Amino acid sequence: MGSKWQVEKKKDPYYKRAKGEDYRSRASFKLLQLDKKYKIIKKGSAVLDLGATPGGWSQIALEKVGEEGIVLGVDLQKIKPFPEKNFHFIRGDFTKKEVQEKMIDIMDGKADVIISDASPSLSGIKDVDHLRSIDLANSVISIADNILENNGNILIKVFQGEEFKNLIEELRKKFKVLKTTKPSSSRKKSSEMYVIGLKYKR
Ligand SMILES: C[S@@+](CC[C@H](N)C(=O)[O-])C[C@H]1O[C@@H](n2cnc3c(N)ncnc32)[C@H](O)[C@@H]1O
């Protein structure tokens with residue numbers, strides 16, 4: 001008999017589908033659902049995937065951008081290599097300046113899309129985890145301010161809490177269109193929300 005989490009995981013339809021359809025994680029379906037609705041990633045785009053491991057979002061991004069685009073994944077943990085030559089990976093902390101410099105170098109200073117499914121290390125205390133998630137989101141925004149192209153798009157996962165509203169207000173000033181949503185593939189009991197900014201105003 002496995003743990004409660006393992007039992008739940010086996011019953012989860014998205015976990016089963018991810019295995020059956022050869023996706024690296026059930027998170028792939030979240031990006032598929034969000035991209036279908038908001039058209040975040042276009043063919044030929046340069047995509048920066050922050051918090052990329054095990055690679056479910058990068059896998060979808062690679063499908064969307066095709067051979068003319070590039071995808072750069074960044075994560076603290078290593079990732080199983082992709083066969084695609086237009087996939088790059090940095091193992092490191094994207095909040096750190098030296099990692100950001102490497103990102104700029106690989107992306108030639110510009111990204112059309114930034115996606116971040118980064119989760120902080122969880123303390124189990126809701127408010128603390130929320131604030132850690134907000135800190136990560138603020139780092140993503142400052143990276144966007146450096147390299148996101150005019151009219152570029154952003155997708156950030158954030159754990160809800162007191163500071164969520166301020167984050168949204170900040171983003172609303174920077175993007176022509178701002179949406180918050182929770183795709184059906186996101187577990188109901190999770191406090192995660194997805195923030196989509198379309199058409200960055202550089
Ligand atoms: C939920 S997982 C991402 C799943 C991924 N989107 C997928 O589809 O496979 C969150 C990831 O964020 C990474 N992460 C959290 N903080 C980070 C940081 N400061 N720099 C780089 N990666 C970070 C974690 O190591 C973890 O692998």
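In this predicted model, the structure holds one cavity of 30 Å³ or more. The largest cavity has a volume of about 30 Å³, and its walls are formed by Gln100, Met103, Ile104, Ile143, Asn146 and Ile147. Two helices, α5 (97-106) and α6, each give two or more residues to this lining. Sorted by class, the residues around the largest cavity are four nonpolar and two polar, with no charged residue among them.

The largest pocket comes next. Its volume is about 1200 Å³, and 49 residues line it. Nearest the centre of the largest pocket lie Asp117, Ser119, Lys157, Phe159 and Glu192. A good number of secondary-structure elements take part: the helices α1 (4-11), α2 (13-20), α3 (27-38), α4 (56-65) and α6 (126-147), together with the strands β2 (70-75), β5 (148-159) and β7 (192-200), each supply at least two residues of the lining. Of these, α6 makes the largest contribution, with four residues. Helix α6 thus appears here as well as in the lining of the largest cavity, to which it gives two or more residues. The class make-up of the pocket lining is 18 nonpolar, 14 polar and 17 charged residues, whereas the lining of the largest cavity has no charged residues.

It is in the largest pocket that the ligand sits. The shell around the ligand consists of 21 residues, and those that come nearest are Gly56, Trp57, Asp75, Asp93 and Asp117. Asp117 is also listed among the residues nearest the centre of the largest pocket. By class, the shell divides into eight nonpolar, nine polar and four charged residues.

Several polar contacts can be picked out in the model. At glycine 56, a backbone N or O atom is 2.8 Å from a ligand oxygen atom. Aspartate 75 takes part through its side chain, where an N or O atom lies 2.6 Å from an oxygen atom of the ligand. Phenylalanine 94 uses its backbone instead: one of its N or O atoms there is 3.1 Å from a nitrogen atom of the ligand. Taken on its own, the ligand has 610 Å² of accessible area, and the protein covers 86% of this. Two of the residues just described, Gly56 and Asp75, are also among those that come nearest to the ligand.

Two features of the backbone deserve a friendly mention, both of them in loops. The peptide bond that joins threonine 53 and proline 54 is cis, with omega at about 10°. Proline 54 has its place in the loop between β1 (46-50) and α4, and α4 is one of the helices that supply at least two residues to the lining of the largest pocket. The other feature is at lysine 39, where phi is near 50°, a positive value in a residue other than glycine. Lysine 39 is found in the loop between α3 and β1. Helix α3, like α4, supplies at least two residues of the pocket lining.

Key
Residues are numbered from 1 along each chain as its sequence is written. This is a predicted model: local features need pLDDT of at least 70, side-chain atom pairs count only at pLDDT 80 or more; totals for chains, interfaces and linings use all residues. Side-chain values use heavy atoms; hydrogens and water are left out. A residue is near a molecule or strand if one of its heavy atoms lies within 4 Å of it. A polar contact is a pair of N or O atoms within 3.5 Å; within protein, one must be able to donate a hydrogen and the other to accept it, and residues adjacent in sequence count only if both atoms are side-chain atoms. Accessible areas come from the Shrake-Rupley method with a 1.4 Å probe; for residues, only the protein chains shown count as cover. On a 1 Å grid over the protein atoms alone, a cavity is a set of points where a 1.4 Å probe fits but cannot get out, and a pocket is an open set with protein on both sides within 12 Å along at least five of seven lines; lining residues have an atom within 4 Å of a point. A molecule sits in a cavity or pocket if more than half of its atoms lie within 2 Å of its grid points. Ala, Val, Leu, Ile, Met, Phe, Trp, Tyr, Cys and Pro count as nonpolar, Asp, Glu, Lys and Arg as charged, and the others, Gly among them, as polar. Grid points are joined across faces, edges and corners, and a volume is the space filled by probe spheres set on the points.
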